[in-house]
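Welcome, and thanks for opening the viewer. Could you keep the selection tool at hand while we go from stop to stop?

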Amino acid sequence: MAPLARVLAVLSAITLQHIAAHDMDVERPVNHGLIGYGIDMYKPNCAVSCRAAISTSPLECSTSKSTHDMDMMGAEAEMTTSDVCYATDGTFLQNMAYCLSTKCAGTPAWKLEEWWSGQVVGGVPGQASPKESYQQALAAIKTLPTQEMVSRDPLYAINRTMFVNEEDYTGNFNGQEAFETAEDTHERFGLIILLSCFIIPLAASLLRFVPFPSSLTTKFSAYITDPPLWGKQHKQPVAGLMIVPTRGQALFITYIIIINIVLCAAGYKSIQPNAWFSDTHSEILTYVANRTGVLSFANLPLVFLYAGRNNILLSVTNWSHSTFLLMHRWIASIATLQAVVHSAIYLQNRLDSGAYSMEATTPYWVWGSAATVALSLAIPMSILPLRKKMYEFFLLCHIALAVVTIAGCYLHIYYRFAHQWGYEVWILVAIAVWAYDRVARVARILRNGVRHAMVSVIDDDYVRVNIPGVTAEGHVYLYFPTLSWRFWESHPFSVASALLQEDNSASRKSSDVEKASTRSMPSTKQMQVNIAPLSTDNNSSKERQTLGLTFLIRTRSGLTKLIRNHLTLPVLVESSYNQHVSTSNYPYLVAIGGGVGVTALLPYLRQHVGVSKLYWGVRSPAIIQSSEALLAGVDKEIFVGERMPLRELVEDAIETYSAAGVAIVVSGPASMADEVRNLVSAIGRRAGSRKVKLIEEAFSW
């Protein structure tokens with residue numbers, strides 16, 4: 001069994017074992033929903049407060065047990081009251097009925113009866129039922145009370161109808177009112193974060209259907225959405241450590257940060273006197289701890305949604321997977337910080353109260369700590385240098401830490417509250433999002449079955465991979481399970497063609513290609529190749545085409561390096577992930593590509609109904625020769641072994657075509673993509689009526 005599978009299996013077994021053991025000794029009511037949204041904590045509060053005040057006093061049917069000190073010099077009686085005692089003690093029921101009649105005057109009788117039948121005894125599943133209803137107990141009171149109840153004194157058992165202690169009642173009422181209001185606010189704020197971060201990308205994408213003036217959209221993109229937030233680098237990491245977001249991405253990141261800060265800090269209300277908290281400071285601090293815990297939970301579904309390949313927002317918005325991955329990292333960092341604050345406050349609270357040594361070994365504390373630690377480790381283990389240099393290691397650790405986080409969060413809540421208050425709903429939603437993505441991946445693979453890839457070496461840098469019998473568009477994820485023991489690994493590749501050309505260039509033997517790649521290139525002068533559009537009646541159009549996928553792959557380290565050592569090998573195809581942006585509103589299309597980046601441009605060139613041209617920079621002629629059939633019918637200018645004059649190309653395209661409308665699509669090295677982005681943005685900011693759209697096709701680390 002693979003290491004990842006073992007991790008998942010062990011954690012699942014531990015989780016199920018702990019839940020089964022917990023079920024044997026903990027009984028709590030099972031509620032559905034969230035607090036304030038299907039779940040009420042202390043409603044009607046007047047009734048719950050009556051019971052909280054009265055239950056501090058023993059009944060005549062209560063039992064006592066003695067706990068002796070070390071030198072046996074004294075004993076303190078500890079009174080316990082069973083559910084049967086509460087259900088059958090007429091005096092208790094009459095005191096409860098009298099308290100409800102005086103404190104709950106504005107509450108409908110049916111609501112009091114409903115609460116009475118389920119909660120007056122204690123609200124535990126399987127408990128005894130009260131021997132009489134609320135109205136029956138109230139009618140059984142023969143004499144109005146004249147004495148106030150003495151609370152928290154084991155020597156004074158309730159043996160007659162009495163007034164509830166007003167201090168006890170008010171303290172409990174205030175404590176429960178303030179706490180439930182706070183919890184309701186936590187959940188409402190969590191929903192605001194979750195729903196707004198789902199709706200905003202959708203709403204922002206719908207703006208593309210609004211017929212704004214083209215010059216306005218061009219300038220908006222040039223000033224607001226397309227340029228890097230600062231400097232000139234976006235795809236190129238700054239100092240090799242971080243990706244600078246575009247200004248458009250930064251706007252949403254700013255919203256995410258601000259909404260989380262505001263909702264962590266706002267909406268707190270203290271009510272004193274309070275039986276739960278002795279002072280306002282400890283009360284508000286507890287609310288802050290709970291708020292950050294709930295909001296951390298609320299962010300987790302977004303963390304998994306934005307990271308998924310099958311993120312539903314990818315299908316209904318024009319946002320790229322790279323953008324959502326960037327948001328995934330920011331929201332994960334925020335959720336981690338919130339979890340750390342939640343844990344730190346409760347840790348300090350337990351240390352101050354002297355309860356830490358007792359609670360530190362409880363299951364809920366252990367699993368909550370495990371989740372916080374796992375989240376905290378995931379951040380430094382996801383830094384860009386590690387992702388680029390050791391991607392397979394990063395991915396394995398990332399998944400394992402995510403599993404620990406989810407299992408830890410769920411068990412933290414389960415051991416603390418079971419399914420009573422609905423906190424686990426956030427975790428279940430995150431699990432559902434993750435499960436959907438994984439199931440959808442498997443379904444995409446099963447649809448294509450096991451295929452065989454045919455590998456042709458182009459030169460020292462590139463290989464061509466053909467997979468017969470499969471159709472796809474956009475990009476796909478390929479699994480080569482026999483290349484290494486990490487059979488679950490996959491890598492994304494753009495589909496160069498969904499038809500295989502049965503010609504000499506497409507079916508050459510690997511040895512022939514290797515010979516071609518060793519031919520010397522011009523050393524004194526760099527090459528520039530201009531190729532006119534191929535006519536529709538040339539030989540390439542008559543060549544037989546079969547269903548299949550073609551990929552041009554640059555071999556680096558890791559899996560792609562191993563591919564070039566095989567002629568054929570089994571492959572699993574996870575397809576299709578089509579994210580091509582529509583260019584139908586732009587009569588002119590200029591595609592700028594570098595190396596194998598051309599594969600992401602070919603679908604644009606084939607589907608565009610207007611005038612289009614490809615500018616392609618390559619290192620050697622071998623990849624051109626291998627791509628002759630793929631480039632058939634494409635107007636192109638190819639630069640071999642030299643740097644493309646990007647400024648000249650972009651300025652000429654915009655000056656010539658922007659009046660009617662031009663889309664500029666770039667796919668290639670990060671430096672090329674950034675230069676084109678900065679050029680298009682700079683020209684778009686100039687005066688005049690222009691209609692320009694920048695599209696970047698790139699995979700993100």
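## First stop: a loop residue

Select A418: with a relative accessibility of 10%, A418 counts as buried, because buried means under 20%. Keep in mind that you are looking at a predicted model. A418 sits in the loop that runs between helix 16 and helix 17 (424–448). Check its backbone as well: phi of A418 is near 55°, a positive value in a residue other than glycine. Most residues other than glycine have a negative phi, and most peptide bonds are trans.

## Two cis peptide bonds

That brings us to two peptide bonds. Select K43 and P44, which are joined by a cis peptide bond with omega at about -5°. P44 belongs to the loop between strand 2 (38–39) and helix 2.

Now move along to Q272 and P273. Here, too, the peptide bond is cis, and omega is about 0°. P273 is found in the loop between helix 9 (247–265) and helix 10.

## Zoom out

Show the whole protein for a moment. Its secondary structure comes to 25 helices and 17 strands. Of its 701 residues, 48% count as buried. Looking at contacts between residues at least 6 apart in sequence, 73% join residues at least 24 apart.

## Helix 4

Select residues 90–103, which make up helix 4. With 14 residues at 1.5 Å a residue, helix 4 should span 20 Å, and its end C-alpha atoms are indeed 20 Å apart. Then look just before the helix, at D89. D89 caps the N-terminal end of helix 4, with a side-chain oxygen 3.0 Å from the backbone nitrogen of T91.

How many of the 14 residues of helix 4 are buried? Ten of them are, leaving helix 4 mostly covered. Colour these to see the buried set: G90, F92, L93, Q94, N95, M96, A97, Y98, C99 and L100. To see what covers them, add helix 2 (45–54), helix 3 (83–88), helix 5 (109–119) and helix 6 (134–139), which are among the covering elements.

## The second largest pocket

Next, select N290, H342, Y346, Y364 and H412. Of the 40 residues that line the second largest pocket, these five lie nearest its centre. The space in this pocket is about 980 Å³.

Which helix gives the most to the lining of the second largest pocket? Helix 12 does, with twelve residues. To see more of the wall, show helix 7 (166–206), helix 10 (280–307), helix 12 (321–353), helix 14 (363–378) and helix 16 (391–417), each of which supplies at least two lining residues. If you colour the lining by class, you will find 23 nonpolar, 13 polar and four charged residues.

## Helix 25

Jump to residues 670–684, helix 25. Its 15 residues reach 21 Å from first C-alpha to last, close to the 21 Å expected at 1.5 Å a residue. Eleven of those 15 residues are buried, so helix 25 is largely enclosed by the rest of the structure.

The buried residues to highlight are M672, A673, D674, V676, R677, N678, L679, V680, S681, I683 and G684. Their cover includes helix 8 (214–225), strand 13 (588–594), helix 24 (646–657), strand 16 (662–667) and strand 17 (692–696).

## From T218 to a cavity

Pick T218, in helix 8. Is T218 buried or exposed? At 4% relative accessibility, it counts as buried. Leaving aside neighbours within four places in sequence, T218 is in contact with G684, R690, K691 and V692. One of these, G684, is also one of the buried residues of helix 25.

T218 also helps to line the largest cavity, together with S221, A222, D226, V680, S681, G684, V692, K693 and L694. The elements that give two or more residues to this lining are helix 8, helix 25 and strand 17. The largest cavity has a volume of about 60 Å³, and the count comes to two cavities of 30 Å³ or more. By class, the lining of the largest cavity has four nonpolar, four polar and two charged residues.

Methods: Residues numbered from 1 in each chain as written. Predicted model: local features only at pLDDT ≥ 70, side-chain atom pairs only at ≥ 80, totals over all residues. Heavy atoms only, no water. Helix = DSSP H or I, 4+ residues; strand = E, 2+ residues; numbered from the N terminus. Expected span 1.5 Å × (residues − 1). Buried < 20%, exposed > 50% of the residue type's maximum accessible area, 1.4 Å probe, protein only. Contact = heavy atoms within 4.5 Å. 1 Å grid on protein atoms, 1.4 Å probe; cavity = no way out; pocket = protein on both sides within 12 Å on 5 of 7 lines; lining within 4 Å. Points joined across faces, edges and corners; volume = space filled by probe spheres on them. Nonpolar A, V, L, I, M, F, W, Y, C, P; charged D, E, K, R; others polar. Polar contact = N/O pair within 3.5 Å; in protein donor to acceptor, adjacent residues only side chain to side chain.
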